[in-house]
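Biologist: Please take a close look at one part of this model, the nonpolar core, and follow it out to whatever spaces and loops share its residues.

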Amino acid sequence: MTKRKHDVIKHNNIVVFPGTVQALLREGHKFAENHQYDKAIANFERAFMYEMGDEFALSAYAFALYELKDYDKAKNVCEQLLAMGTTLYVEVMELYITVCMQLKEYNQVETLITTLLEENVLPNDQIEKFERLKNLNREVSNNLAKKEEAQYLIETQEYELSQFCALTPNEQSMRLQRLMDTNVRQLKVALKAIIECSTVHPFVQSLAVILLVEQEVAIDVTVSKFNQTKTVNPAHLALPNQLPQYKKIKNIVENKLEQDPSTLEMVQYLMAKHAIVTYPFEWQPFEAEDVAYSYIDFVLSMLGNVQEMDDEISGFLQMLEKLTELHSL
């Protein structure tokens with residue numbers, strides 16, 4: 001009876017016993033399935049020293065690299081798999097695209113997914129997933145561009161008071177809105193100066209306060225508008241739609257217009273805009289009930305229904321409406 005022969009692998013004159021590579025690959029898959037990615041990578045890499053990995057080992061290896069944030073190496077393995085003509089094409093391509101997004105290669109991702117969709121190489125049940133990836137990539141890319149633009153404006157001192165005040169109110173508003181996804185703590189002194197400047201538009205003042213409130217920045221700022229002045233700390237200040245008077249007015253309006261949803265929607269829209277202009281004073285010194293009914297009458301008069309209105313509150317609401325029209329200033 002003859003003995004069965006086994007292939008012997010040599011690497012740098014080191015003899016690798018039969019079954020060693022297969023054992024390393026099995027361990028690599030096992031570790032990957034148990035989320036022990038560092039151990040999985042170690043086993044796969046040892047196995048690949050002796051022989052080229054198959055598509056299943058390489059794909060598991062690429063995934064483990066991705067999980068440990070070794071994106072450059074994961075990308076190279078994905079490209080190797082795609083060049084092989086892997087049967088795991090969709091899975092590998094999805095990982096490849098995700099890795100490219102992590103590497104901030106957004107233009108490449110956009111081009112790649114567009115090509116895949118146009119050339120109809122994806123199974124029908126995968127098209128929606130890749131369209132979502134494309135939309136996500138575009139959104140992330142746009143957000144990054146906004147952050148980079150905001151950072152550039154910060155670094156070039158575009159929020160310094162004299163430069164900021166040289167802009168129109170509409171330009172000031174847009175410049176502040178660019179800071180929404182940016183850490184504004186580095187700008188708290190500049191924003192304080194904008195808020196406290198007597199020539200800055202009330203709506204713009206409020207936007208600057210809201211930026212500090214949303215990030216709970218602790219700094220005392222003195223706000224002056226509509227013949228009122230108060231010092232607030234944004235770290236302890238609620239947003240406009242969370243203030244007491246706003247809530248009272250909102251409840252009154254909703255109860256009164258329960259059967260008239262279209263008018264209710266218009267009133268709520270105006271309230272939300274005006275609450276920003278008045279922030280942080282609300283509709284003081286008027287009472288919540290008077291303001292609520294005045295809003296209803298104000299909207300009805302806009303719709304052509306003549307209403308008797310409190311002249312003082314009506315004039316105040318009209319002023320607030322004009323102040324929200326920054327583009328016309």
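Modeller: Helices here are DSSP runs of H or I with at least four residues, strands are runs of E with at least two, and both are numbered from the N terminus. Counted that way, the protein has 15 helices and four strands. The model is predicted. Of its 329 residues, 41% are buried, where buried stands for under 20% relative accessible area. Among contacts with a sequence separation of 6 or more, 60% join residues 24 or more positions apart.

In soluble globular proteins, nonpolar side chains tend to be buried together. The largest nonpolar core in this model holds 56 residues, and the members that touch the most others are Leu176, Trp283 and Tyr295. At least two residues of this core come from each of α10 (188–196), α11, β3 (221–225), α12 (244–256), α13 (261–278), α14 (288–302) and α15 (311–323). The biggest contribution is that of α11, with nine residues. A separate core of 39 residues lies apart from this one and includes Phe31, Tyr37, Met93 and Tyr96.

Each of the three hub residues can be followed further.

Tyr295 has contacts with Val267, Leu270, Met271, His274, Trp283, Leu317 and Leu320, leaving aside residues up to four places away in sequence. One of these partners, Trp283, is also part of the lining of the largest cavity, along with Pro240, Leu243, Ala275, Thr278, Tyr279 and Glu282. That cavity has a volume of about 30 Å³, and the count of cavities of 30 Å³ or more is one. Its lining is made up of five nonpolar residues, one polar and one charged.

Tyr279, from the same lining, is joined to Pro280 by a cis peptide bond with omega of about 5°. Pro280 sits in the loop between α13 and α14. Pro285 is in that loop as well, and the bond from Gln284 to Pro285 is also cis, with omega near 10°. Most peptide bonds are trans.

The hub residue Leu176 leads to α9. The buried residues of that helix are Pro169, Gln172, Ser173, Arg175 and Leu176. Viewed down the helix axis they stay within an arc of 165°, so they line one face of α9. Leu176 also takes part in the lining of the largest pocket, with Gln177, Met180, Leu207, Ile210, Leu211 and Glu214. The pocket encloses about 160 Å³. Both α9 (169–177) and α11 (202–214) provide at least two residues of its lining, and the largest share, four residues, belongs to α11. By class the pocket lining has five nonpolar residues, one polar and one charged.

The loop between α11 and β3 contains Glu216. Glu216 has a positive phi of about 50° although it is not a glycine, and at 57% relative accessibility it counts as exposed. Phe226, in the loop between β3 and β4 (228–232), likewise has a positive phi, of about 55°, without being a glycine. Most residues other than glycine have a negative phi.

A last point concerns α10, which holds Ala193. Ala193 has 29% relative accessibility and therefore counts as partly exposed. Its C-alpha atom is 8.5 Å from that of Val221, with the two residues 28 apart along the chain.

Notes:
Residues numbered from 1 in each chain as written. Predicted model: local features only at pLDDT ≥ 70, side-chain atom pairs only at ≥ 80, totals over all residues. Heavy atoms only, no water. 1 Å grid on protein atoms, 1.4 Å probe; cavity = no way out; pocket = protein on both sides within 12 Å on 5 of 7 lines; lining within 4 Å. Points joined across faces, edges and corners; volume = space filled by probe spheres on them. Nonpolar A, V, L, I, M, F, W, Y, C, P; charged D, E, K, R; others polar. Buried < 20%, exposed > 50% of the residue type's maximum accessible area, 1.4 Å probe, protein only. Arc of directions from axis to C-beta. Core = buried A, V, L, I, M, F, W, Y, C linked by side-chain atoms within 4.5 Å. Contact = heavy atoms within 4.5 Å.
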